[in-house]
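Me: I have a protein model to read and I am new to this. Can you take me through it, one feature at a time?

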Amino acid sequence: MKRTAFILAILILISGVVAGCAKSEEKVVNIYTDRHYDTDQALYDKFTEESGIKVNVVKAGSDELLERLANEGEDTEADVLITSDVGRLYRAKEKELVQSFNSDLINEQVPKHLRDNENNWVALTVRARVITYALDRVDPSMLSTYEALTEPKWAGKVLVRSSSNIYNQSLLASFIALNGEEAAAEWAKGLVANMARTPEGNDRDQMKAVVAGEGDVAIVNTYYVGKLLNSSDEYEVEVGKKIGVYFPNQETTGTHINISGGALTKHGKNSESAIKLLEFLTGEEAQDDYANANYEYPVNPKVEPSDLLKSFGDFDIQEIDLSLLGEYNDEAVKIFNKVGWQ
């Protein structure tokens with residue numbers, strides 16, 4: 001009888017340990033991300049506070065993270081991949097590094113055009129790639145489309161970062177999707193001819209160069225304007241005040257947008273917690289933080305853009321499947337190389 005009681009006690013102890021492990025496993029989510037904003041960490045902390053699920057974060061470049069996921073395979077600790085370009089999410093899907101998932105809540109919170117058509121990723125934020133201009137030298141009536149920046153009047157006046165930048169690759173990929181490779185190549189060739197200098201620096205550097213008089217217009221993402229205007233550096237704030245924002249192609253194909261998005265890794269061990277995190281990040285509370293603290297457009301239609309973003313005005317977007325930005329990435333890179341966009 002004592003032996004039976006002893007064995008029963010051992011079995012109860014073992015089942016308790018197993019249950020505890022399972023419970024512990026459900027209370028953590030591991031993120032691989034190329035985003036480096038304080039806003040993101042604050043949101044992860046808030047998610048942990050509200051859900052009890054611990055968030056571990058690994059930060060690196062997007063290509064490095066994709067390579068790491070591929071090398072780790074089934075041994076990966078990552079549950080969620082978050083990256084700041086839909087082309088990277090497309091690549092992760094093509095390499096079978098992420099898995100399809102379904103959440104009725106996410107489907108309610110995020111419009112269909114900002115979700116993968118096979119539920120492999122969901123947008124978390126939106127940014128528009130716009131034309132910024134020197135307020136003291138350029139009348140916005142002079143601006144119209146991306147294509148118009150190749151006209152002779154803009155010779156030596158256009159600033160833009162290098163072709164290795166994924167934002168420019170996705171922009172050109174959108175032109176391929178809309179107009180075909182030949183027209184996209186003509187645009188890239190024409191823009192190179194009108195560049196004020198050899199591409200260098202990030203988007204903020206392009207606007208600084210505009211204010212410094214090196215050029216009159218720059219192609220940048222909207223949230224970088226917000227970063228300038230809310231910088232702790234007084235010079236950057238002054239640069240932001242001297243820059244205007246113009247949404248191109250409003251009478252034609254619309255302004256190009258890109259996203260930051262999240263996906264469940266194929267071999268993640270905490271999928272339930274991962275989905276809960278993505279549900280939280282696309283919810284109203286998190287979307288409001290993204291908009292007001294990081295100057296990105298919310299994906300949740302119930303959340304309004306920040307006052308700063310509203311001050312830029314409303315705009316129509318390119319109506320294309322965002323996956324095409326990844327599908328045409330290789331062609332875009334080839335075009336850049338062919339036309340000499342450094």
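Reply: Let's begin with one residue and how covered it is. Asp-289 is partly exposed, at 22% relative accessibility. Keep in mind that this is a predicted model.

Me: Why does Asp-289 count as partly exposed?

Reply: Buried means under 20% relative accessible area, and exposed means over 50%. Partly exposed is in between. Asp-289 has 22%, so it counts as partly exposed.

Me: Which residue does the side chain of Asp-289 meet in a salt bridge?

Reply: The partner is Lys-46, with N to O at 2.9 Å. Asp-289 is in helix 12 and Lys-46 is in helix 2, so look at the sequence gap too: the pair is 243 residues apart and links distant parts of the chain. Lys-46 is partly exposed as well, at 24% relative accessibility.

Me: How many salt bridges does the structure hold?

Reply: There are 21. Take the one between the side chains of Arg-35 and Glu-296, again 2.9 Å from N to O. This pair also links distant parts of the chain, 261 residues apart. Arg-35 is in the loop between strand 1 (28–33) and helix 2 (38–51). Glu-296 is in the loop between helix 12 (284–294) and strand 10 (297–298).

Me: Are Arg-35 and Glu-296 buried or exposed?

Reply: Arg-35 is buried, at 3% relative accessibility. Glu-296 is buried too, with a relative accessible area of 0%.

Me: Show me another salt bridge. Which residue pairs with Arg-137?

Reply: Asp-216 does, and the closest N and O atoms are 2.8 Å apart. The two residues lie 79 residues apart along the chain. Arg-137 is in the loop between strand 5 (122–134) and strand 6 (158–159). Asp-216 is in the loop between helix 8 (203–211) and strand 7 (217–221). Now check the cover on each partner. Arg-137 is partly exposed, at 34%, whereas Asp-216 is buried, at 13%.

Me: Which residues are joined into one network by salt bridges that share partners?

Reply: Arg-35, Asp-40, Arg-127 and Glu-296 are joined that way.

Me: What about charges on the surface? Which residues gather in a patch of negative charge?

Reply: Glu-251, Asp-314, Asp-316 and Glu-319 do. Take Asp-316 as the example. Its place is the loop between helix 13 (307–312) and helix 14 (323–327). Asp-316 is partly exposed, at 47%. Patches are made of residues with over 30% relative accessible area, so Asp-316 passes that cut-off.

Me: Now a nonpolar residue. Is Val-225 buried or exposed?

Reply: Val-225 is buried, at 2% relative accessibility. Find it in helix 9 (residues 222–229). Next, ask what lies against it.

Me: Which residues does Val-225 touch, not counting those up to four places away in sequence?

Reply: Val-225 touches Thr-132, Met-207, Val-220, Val-245 and Phe-312. For a distance along another direction, try Ala-173. Val-225 and Ala-173 are 52 residues apart along the chain, and their C-alpha atoms are separated by 23 Å.

Me: How do I read a backbone angle such as phi?

Reply: Start with the general idea. Most residues other than glycine have a negative phi. Then look for residues that go the other way. Asn-119 has a positive phi of about 60° although it is not a glycine. Tyr-295 also has a positive phi of about 60°, and is not a glycine either.

Me: Where are Asn-119 and Tyr-295 found?

Reply: Asn-119 is in the loop between helix 5 (104–109) and strand 5. Tyr-295 is in the loop between helix 12 and strand 10. Their cover can be read as before. Asn-119 is partly exposed, at 25%, whereas Tyr-295 is buried, at 12%.

Me: Let's step back. How many helices and strands are there in the chain?

Reply: The chain has 15 helices and ten strands. Its C-alpha atoms fill a box of roughly 95 × 40 × 30 Å, taken along the principal axes.

Me: What share of the residues is buried?

Reply: Buried residues make up 52% of the 342 residues. The accessible surface comes to about 15800 Å², and 48% of it belongs to carbon and sulfur atoms.

Me: And what of the contacts across the chain?

Reply: Count the contacts with a separation of 6 or more. Residues 24 or more positions apart account for 78% of them.

How values were computed. Residues are numbered from 1 along each chain as its sequence is written. This is a predicted model: local features need pLDDT of at least 70, side-chain atom pairs count only at pLDDT 80 or more; totals for chains, interfaces and linings use all residues. Side-chain values use heavy atoms; hydrogens and water are left out. Patches are made of residues with over 30% relative accessible area and no salt bridge: like charges are joined within 9 Å, nonpolar side chains (Val, Leu, Ile, Met, Phe, Trp, Tyr) within 5 Å. Accessible areas come from the Shrake-Rupley method with a 1.4 Å probe; for residues, only the protein chains shown count as cover. A salt bridge is a side-chain nitrogen of Lys or Arg within 4 Å of a carboxyl oxygen of Asp or Glu. Lys and Arg count as positive and Asp and Glu as negative; His and the chain ends are not counted. The place of a charge is taken as NZ of Lys, CZ of Arg, CG of Asp or CD of Glu. Helices (H or I, at least four residues) and strands (E, at least two) are DSSP runs, numbered from the N terminus. Buried means under 20% relative accessible area, exposed over 50%, partly exposed in between (1.4 Å probe, protein chains only). Contact means heavy atoms within 4.5 Å.
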